[in-house]
Amino acid sequence: MNDQLELKNMGLKATFPRLKILDIFRKAETRHHSAEDVYRALIAEDVDIGLATVYRVLTQFEQAGILLRSQFDGGKAVFELNDGDHHDHLICTNCGRVVEFSDAEIEKRQHRIAKENGFSLESHHMMLYGVCPKCLESKKTG
């Protein structure tokens, strides 16, 4: 499905800022981007879209289910394309690297814990914080 049709199906007009921001997410090497990351990518491509517009489009995309928002340590919201697959995150407290992972046993356990406590689980986000292998190695050699 092309981006114009996808936006239309989500009830959004296919404006230039929306198409360009969606393109930034589709072609990026990393999955997680803050509004400032998107804005810098637009500037690097010499595209004149203001930061306020970037924030507005990211919020619209989140509300439409196109993007997912996460809040990692430091309080900065980051966004990623919603590919429909649930995953959790490992975050390096030294360099900020984010690794996505999925684990069926963890998922089962979370649902069981919710049920044991009388909760009907609607959603969840797991974020594990630690030091990535690259940072651990540089601490050893540094």
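Let's start with disulfides: this predicted model has zero of them. Two cysteines show how that count comes about, and the table sets them side by side.

| Cysteine | Nearest cysteine sulfur | Distance | Relative accessible area |
|---|---|---|---|
| Cys-92 | Cys-132 | 3.7 Å | 5%, buried |
| Cys-95 | Cys-92 | 3.7 Å | 47%, partly exposed |

Why is Cys-92 in no disulfide? A disulfide needs two cysteine sulfur atoms within 2.5 Å, and the nearest cysteine sulfur to Cys-92, that of Cys-132, is 3.7 Å away, so no disulfide is counted there. For Cys-95 the nearest cysteine sulfur belongs to Cys-92, and the distance is 3.7 Å, so Cys-95 is in no disulfide either.

Now let's turn to a helix. Which residues are buried in helix H3 (residues 35–44)? They are Ala-35, Val-38 and Leu-42. These residues lie on the same side of H3, because they cover an arc of only 65° around the axis. Helix H2 (16–27) and helix H4 (51–64) are among the elements that cover the buried residues of H3. Just after H3 comes Asp-46, with a positive phi of about 60°.

Finally, have a look at the second largest pocket, whose volume is about 150 Å³. What kinds of residues line this pocket? By class, the lining has seven polar, two charged and one nonpolar residue. The lining includes the histidines His-86, His-87, His-89, His-124 and His-125. Ser-70 and Ser-123 also line the pocket, as do Leu-68, Glu-80 and Asp-85.

Methods. Residues numbered from 1 in each chain as written. Predicted model: local features only at pLDDT ≥ 70, side-chain atom pairs only at ≥ 80, totals over all residues. Heavy atoms only, no water. Buried < 20%, exposed > 50% of the residue type's maximum accessible area, 1.4 Å probe, protein only. Helix = DSSP H or I, 4+ residues; strand = E, 2+ residues; numbered from the N terminus. Arc of directions from axis to C-beta. Contact = heavy atoms within 4.5 Å. 1 Å grid on protein atoms, 1.4 Å probe; cavity = no way out; pocket = protein on both sides within 12 Å on 5 of 7 lines; lining within 4 Å. Points joined across faces, edges and corners; volume = space filled by probe spheres on them. Nonpolar A, V, L, I, M, F, W, Y, C, P; charged D, E, K, R; others polar.
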